[in-house]
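The following exercises ask the reader to study a molecular structure step by step. Each task is followed by a worked solution.

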2 protein chains.
Amino acid sequence: MSLPHVLLGMLASPASGYDLKQRFGQSVRHFWHAELSQIYPVLSKLEKDGMLTSENVPSDKGPSRKIYSRTARGTSSLKSWISDGPVCRTERLAYLTQLFFLDAVNMAQRISFMENLRSDFAERLGELKAIEENWSSEDPRYPDELPDQELYKQMTLRSGLMKYKMMTEWCEECLNRMKKRTTEA
Amino acid sequence: MSLPHVLLGMLASPASGYDLKQRFGQSVRHFWHAELSQIYPVLSKLEKDGMLTSENVPSDKGPSRKIYSRTARGTSSLKSWISDGPVCRTERLAYLTQLFFLDAVNMAQRISFMENLRSDFAERLGELKAIEENWSSEDPRYPDELPDQELYKQMTLRSGLMKYKMMTEWCEECLNRMKKRTTEA
DNA sequence: CATGGCTATATAAATATTTACATAGTGGTT
DNA sequence: AACCACTATGTAAATATTTATATAGCCATG
C-alpha cells in the first residue's frame with residue numbers, strides 16, 4: 001500500500017500522528033485521507049523498521065506528544081517508492097458507479113443526486129481556491145518562481161483546481177441534459 | 001463499502017463472477033476495479049442475504065458456470081444506495097502523493113516520472129475514445145437521444161474522457177515548466 | 001504427449017482500512 | 001459538579017482488499 005510512504009513524505013519535518021492527521025485535512029485532502037487509528041500503528045511499524053525515530057515531548061495541553069522524525073533509511077524508502085514510477089489504475093470512484101446505475105431511481109432522485117454531487121465538487125473547489133489565494137498572497141514567487149520543494153506541491157494543487165472546476169461544469173451540463181428531457185417528456 | 005452495490009448494479013442482466021470481472025475490464029475500468037478473489041465471496045454473501053439467486057449452468061468450455069440474478073430485494077438495495085446520495089471524499093490518488101513529494105528525487109527521475117504519468121493518462125484516454133467511437137458508430141442516438149438506461153453510462157464515459165484529456169494536457173504543462181527550469185539552471 | 005494459455009470457480013493468508021471503544025488531561029459552559 | 005469539546009494516543013473488532021495458491025477441463029502448439 002501507499003500509506004507508509006505518504007507518512008514518510010509528510011515527515012519532511014518531525015510531527016506526531018495527530019499532527020499528520022491534521023495535515024491530511026489540509027492540502028493533501030483532495031487526494032488522500034486516513035484515520036488516526038490507521039496512522040498510529042503504521043507509524044509504530046515504520047519505527048520498528050528503522051524508517052523513523054520517535055521522541056516523547058511533554059505538552060502543556062493534554063497528554064505528551066510522540067514526535068516522529070524520518071531517518072536516512074526512511075528517506076531512501078520514499079525515494080525508491082517514487083522512482084518505481086507512478087502508481088495508477090487503483091482508483092475507486094463510488095460516485096461514478098452510482099451515476100452509472102442512476103436510471104435505477106426516479107427522475108427527482110436523479111436530479112437531487114446530481115445536485116448534491118455538484119455541491120460537493122463546488123465545495124472542494126472552494127477549499128482549494130482558498131489554499132491557492134492564501135499561498136499566492138503570501139509568496140510573491142507563486143506560481144512560477146517557487147523553489148523546487150514547493151513547485152510540485154503547487155502542481156498537485158493545480159491539478160485539483162482544474163479537476164474540480166471541470167467536474168463542476170460537467171455536473172451542470174449533465175443537469176441541463178437531464179432537465180431538457182423532463183420538460184420534453 | 002461499495003463493491004456489493006457495484007455488483008448489484010452490474011447484474012442488471014444475469015452473469016457469473018467471471019463475467020462480472022470481464023465487465024470490470026471494460027467501461028467500468030476507469031472508476032472501479034476488483035479481483036476475482038474478492039468478487040466470489042461477495043457474490044456468495046449477497047446470495048445468502050437474499051439479494052441474488054444463482055443457477056448452475058453447464059458449460060461447453062471448462063467447468064460449469066454459476067449464474068447470478070438480482071432479486072427484487074437486490075434491486076431495492078441498489079436503489080437505496082443511490083438514494084443515500086453521492087459517496088465522495090474517499091479518493092486515494094497515490095500518483096498525486098508521489099508528485100507532491102517529487103522533489104525527493106533528482107531531475108532526471110522527476111522528468112521520467114511525469115512522462116510515465118502522461119503515457120498512462122494518454123493510454124486511458126485512448127481506451128475510452130475507442131469505447132466512444134464504437135458506441136457512437138453503432139447507435140445513431142448517441143449521445144443525446146440515448147434512452148435513460150444508457151444516458152447515465154454515457155455521462156460517466158464523458159467524465160472519463162474529459163478527465164484524461166485534461167490530465168494529459170496538465171502533464172504536458174508540468175513537463176514544460178520542469179524543462180524550462182533545467183535549461184535555465 | 002508435454003507445455004502453456006484460456007475459461008471458470010474458489011480458498012488461504014496476508015495486508016489494509018474503518019468503526020467503535022478506551023484512556024486521560026485541559027478548559028469552558030450550565 | 002456534571003457535561004461537553006478539544007487535544008492526544010492508542011487498542012479491538014470488524015470489514016475490505018490483495019496476492020498467492022488449488023483445482024479442473026478444454027484447446028492449440030510444438
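**Exercise 1. A pair of helices in chain B**

In which crossing, left-handed or right-handed, does H1(B) pass H4(B)? Describe the packing of these two helices as well.

Solution. The model is a predicted one.

Step 1. H1(B) passes H4(B) in a left-handed crossing.

Step 2. The axes of H1(B) and H4(B) lie 9 Å apart, and the helices pack at an angle of about 120 degrees. An angle counts as roughly perpendicular from 65 to 115 degrees and as roughly antiparallel over 145; H1(B) and H4(B) are therefore oblique to each other.

Step 3. On the side of H1(B), the residues involved are His5(B), Leu8(B) and Gly9(B), which meet Gly74(B), Ser77(B), Leu78(B) and Trp81(B) in H4(B). Sorted by class, this contact of H1(B) with H4(B) has three nonpolar and four polar residues, and no charged residues.

**Exercise 2. The surroundings of helix H1**

Determine why H1(B) is described as largely enclosed, and state what covers its buried residues.

Solution.

Step 1. Six of the eight residues of H1(B) are buried, so this helix is largely enclosed by the rest of the structure. The buried residues are His5(B), Val6(B), Leu7(B), Leu8(B), Gly9(B) and Met10(B).

Step 2. The cover over these residues includes helix H2 (17-24), helix H3 (36-48), strand S2 (65-70) and H4 of chain B, together with helix H5 (94-100) of chain A.

Step 3. Turn now to chain A. In helix H1 (residues 3-10) of chain A, the buried residues are His5(A), Val6(A), Leu7(A), Leu8(A) and Gly9(A). The buried residues of H1(A) pack against H5 of chain B, and also against helix H2 (17-24), helix H3 (36-48), strand S2 (65-70) and helix H4 (72-83) of chain A.

**Exercise 3. Two helices of chain A**

Establish how H6(A) is oriented relative to H7(A).

Solution.

Step 1. The axes of helix H6 (residues 107-138) of chain A and H7(A) cross at roughly 155 degrees and come within 9 Å. That angle makes H6(A) roughly antiparallel to H7(A).

Step 2. The crossing in which H6(A) passes H7(A) is left-handed.

Step 3. The contact of H6(A) with H7(A) comprises 17 nonpolar, three polar and eight charged residues.

**Exercise 4. The two chains together**

State how chain B is related to chain A, and describe the side of chain B that touches chain A.

Solution.

Step 1. A turn of 180 degrees, with a shift of 0.0 Å along the axis, lays chain B on chain A with an RMSD of 0.0 Å. The two copies are thus related as by a two-fold rotation axis. The same surface serves both copies, since 100% of the contact residues of chain B recur in chain A.

Step 2. In the interface, 45 residues of chain B are in contact with 45 residues of chain A. Helices H1, H4, H5, H6 and H7 of chain B each supply at least two residues of the side that touches chain A. H7(B) gives the most, with eleven residues.

Step 3. By class, this side of chain B has 26 nonpolar, twelve polar and seven charged residues.

**Exercise 5. A single residue**

Is Tyr152(A) buried or exposed, and which residues does it contact?

Solution.

Step 1. Tyr152(A) is located in helix H7 (residues 148-184) of chain A.

Step 2. Tyr152(A) counts as buried because it has 23 C-beta neighbours inside 10 Å.

Step 3. When its neighbours within four places in sequence are left aside, Tyr152(A) is in contact with Leu99(B), Phe100(B), Leu102(B) and Asp103(B).

Technical notes: Residues numbered from 1 in each chain as written. Chains lettered and ligands numbered in written order. Predicted model: local features only at pLDDT ≥ 70, side-chain atom pairs only at ≥ 80, totals over all residues. Least-squares fit on C-alpha atoms with pLDDT ≥ 70 in both. Contact = placed C-beta atoms within 7 Å. Helix = DSSP H or I, 4+ residues; strand = E, 2+ residues; numbered from the N terminus. Nonpolar A, V, L, I, M, F, W, Y, C, P; charged D, E, K, R; others polar. Buried ≥ 20, exposed ≤ 12 C-beta atoms within 10 Å, placed from the backbone. Axes fitted to C-alpha atoms, helices over the stretch in contact; angles between N-to-C directions. Parallel < 35°, antiparallel > 145°, perpendicular 65-115°, else oblique. Left-handed = near helix turned anticlockwise from the far one by under 90°.
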